[in-house]
Amino acid sequence: MLTSGIILLAGSLLSPNPGLIFWTAITFVIVLLILKKVAWGPILNALEEREKGIQASIDRAHKAKDESEAILRKNKELFAKADAESDRIIREGKDYAEKLRADLTEKAQVEAKKIITAAKEEIEQEKRRALDVLRNEVADLAVKGAEKIIKTTLDAEMQKKIVDSMIQDLSTKRN
Amino acid sequence: MKRVNVIQPKALLKVIAILVPLLLSVNGLVFAASGQSSDVSKNSAAAVAGTAVSAPAAEAAHGAEATEGEEKAGDVIMHHILDKNVLSFEPFGEISLPKIPPIAGIDISITKHVVMLWVVSALLLIVFSVVGGKYKNLTPRNAPKGLANAMEALVEFIRLDVAKSNIGHGYEKHLPYLLTVFFFILFCNLLGLIPYGATATGNVNVTLTLSVFTFFVTQIAAFKAHGVKGYLKHLTAGTHWSLWIIMVPIEIIGQFTKPFALTVRLFANMTAGHIIILSLIFISFILKSYIVAVAVSVPFAIFIYLLELFVAFLQAFVFTMLSALFIGLATAHEGSDEHVAEGAHH
């Protein structure tokens, strides 16, 4: 059995068969050409397309991430800027209000002082005028009294001198 | 669940205890009868072997013939492996293939392996025209399903892991060839494993033709990549001129050993697997024992059969892989130099 197998192996397993070679070549080439047109083209195209699509999606995702991060950063910057701005505005407003208050107070004080001085002056003038009027009145009364006394007793001239000197004395003493 | 696990070995033991004496007695009866009429034994043996395992049923049927004489077993095995002019569907009869008169001294009559090649081609064309049609309607937004998805896994594997990683730049040009060769060999290998099938890739003429294609593809790719001058320079392997007298013949021989290795590897692997399966089946016929059939031949044949399924994929992959590798070796040499030069310019 073994010997026959070996002889057959040597005899026909490796024996060339040009017809089979011919048919194999023809069949393979035809299959190759048809499959290339029918199958490999569309399949490989689809695979490449998908590969590109996936790559593009990944790229897009990365880009979107970068963009959103940039926007976030920008937003943060804007927020910080706005914060600073509002702080500044509030501070300025406070300063302005403070200044305004100080100005107004000062002005009011000045005004008040002016009014007080004016009032004091007027009071002084009124007082002085009242004193003058009183003095004249007193002098007239005195003169009228003396006149009556002198008319009755001495001459008027003599008496008046005495009264005047007396009044002078009074005024100097008072002052 | 646990009770089932406990019971199972016991049940198996019972089955074996019943089966072994039964087989022994049947053994004696049948082979006693076989002395008188070989016809009866042939049919009953075929029937029993056929029920035991369906896949190598055809082989078993053939094997029945071997009970007539031990020296016939080798003949029957070779009868299965070798090419012939008839398609035999053993219990039902056989179809004689037409003889075509020789053209230019070449006998191009159609044989069993030619028919298998055509069956493979038809299967390939049907499967891939369906898949290709699906891909034509496929936008990148939706995923392939079913057959298209299964084939895509293989195509993508050949594209990336075989072609792209071995050939590198410009691998797209060679993809149709590599894909066709892979699926052609794969389908040939697998068709040899079904009953009534024959392994066309177990014929040295077929593998020789395929590797000659690889040889031509490799040489053309080398010429295209390097030009005639670069190709000749490649033959000297970059050594000193005084060594050329040794290097050039070695390189030229090397060009031919590559396809030769491809041829023998595929042919020997496919043939060997079938011889092992048939031999294991024949052990039971030679020893005339059903115990051997149940205990040795069928389990081991099933094991080898499963191994053959793996080998069918493996050898298709190896052939494609090595083809891609040879193309890559033939084209990449100068290409890598160019890359270095470009790098230096930049």
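How many residues does the hairpin that joins E1(B) to E2(B) pass through? In this predicted model, the hairpin makes the connection through three residues. The two strands in question, E1 (residues 86-89) and E2 (residues 93-96) of chain B, run antiparallel and are joined by four bridges. One pairing can be picked out by name: B:Leu87 in E1(B) has B:Ile95 in E2(B) as its bridge partner. As a general guide to viewing such an element, side chains in a regular strand alternate between the two faces of the sheet.

With the hairpin in view, the rest of chain B can be laid out. Chain B contains ten helices and two strands, and from the N terminus on its elements follow the order α-α-α-α-β-β-α-α-α-α-α-α. Of its 346 residues, 34% count as buried. Among the contacts in chain B with a separation of 6 or more, 66% are between residues 24 or more positions apart.

Chain A is made of helices: it has three of them and zero strands, in the order α-α-α from the N terminus on. Buried residues account for 7% of the 175 residues in chain A.

Back in chain B, helix H4 (residues 72-81) offers a helpful example of how burial is arranged along a helix. Its buried residues are B:Ala73, B:Gly74, B:Ile77, B:His80 and B:Ile81. Viewed down the axis of H4(B), these buried residues fall within an arc of 125°, so they line one face of the helix. The general background is that an α-helix has 3.6 residues a turn, so residues three or four places apart point the same way.

The loop between E2 and H5 of chain B holds B:Lys99. Is B:Lys99 buried or exposed? B:Lys99 has 12 other C-beta atoms within 10 Å, and therefore counts as exposed. Although B:Lys99 and B:Ser109 are ten residues apart along the chain, their C-alpha atoms are separated by 4.8 Å.

Turning to the interior, the largest nonpolar core comprises 62 residues, and those with the most contacts inside it are B:Val120, B:Leu178, B:Phe182, B:Phe184 and B:Ile185. Both chains take part: the elements that give two or more residues to this core are helix H2 (18-152) of chain A and, from chain B, helices H5 (112-136), H6 (146-167), H7 (175-191), H8 (204-235), H9 (244-287) and H10 (290-345). H7(B) gives the most, with 13 residues. Setting aside neighbours within four places in sequence, B:Phe182 is in contact with B:Ile158, B:Ala316 and B:Thr320. There is also a second, separate core of eleven residues, which includes B:Leu82, B:Ile281, B:Phe285 and B:Ala301.

How do the two chains meet? Across the interface, 36 residues of chain A are in contact with 48 residues of chain B. On the side of chain A that touches chain B, helix H1 (2-13) and H2 of chain A each supply at least two residues. H2(A) gives the most to this side, with 26 residues. By type, the residues on this side of chain A divide into 25 nonpolar, eight polar and three charged.

Finally, it is worth asking where the model is more and less certain. For the complex, the predictor gives an ipTM of 0.71 and a pTM of 0.66. Chain A has a mean pLDDT of 85, with 90% of its residues reaching 70 or more. Within chain A, confidence is lowest in H1(A), at a mean of 54, and highest in H2(A), at 90. Chain B has a mean pLDDT of 76, and 77% of its residues reach 70 or more. Among the elements of chain B, helix H2 (residues 38-52) has the lowest mean pLDDT, 43, while H7(B) has the highest, 90. Over residues 31-70 of chain B the pLDDT is below 50, and this stretch has 58 contacts in the model beyond near neighbours in sequence. The pLDDT also stays under 50 over residues 334-346 of chain B, where the model has five contacts beyond four places in sequence. Where pLDDT is low, the predicted coordinates should not be read in detail.

Key
Residues numbered from 1 in each chain as written. Chains lettered and ligands numbered in written order. Predicted model: local features only at pLDDT ≥ 70, side-chain atom pairs only at ≥ 80, totals over all residues. Core = buried A, V, L, I, M, F, W, Y, C linked by C-beta atoms within 7 Å. Buried ≥ 20, exposed ≤ 12 C-beta atoms within 10 Å, placed from the backbone. Contact = placed C-beta atoms within 7 Å. Nonpolar A, V, L, I, M, F, W, Y, C, P; charged D, E, K, R; others polar. Pairing = 2+ DSSP bridges. pLDDT = per-residue confidence, 0-100. Arc of directions from axis to C-beta.
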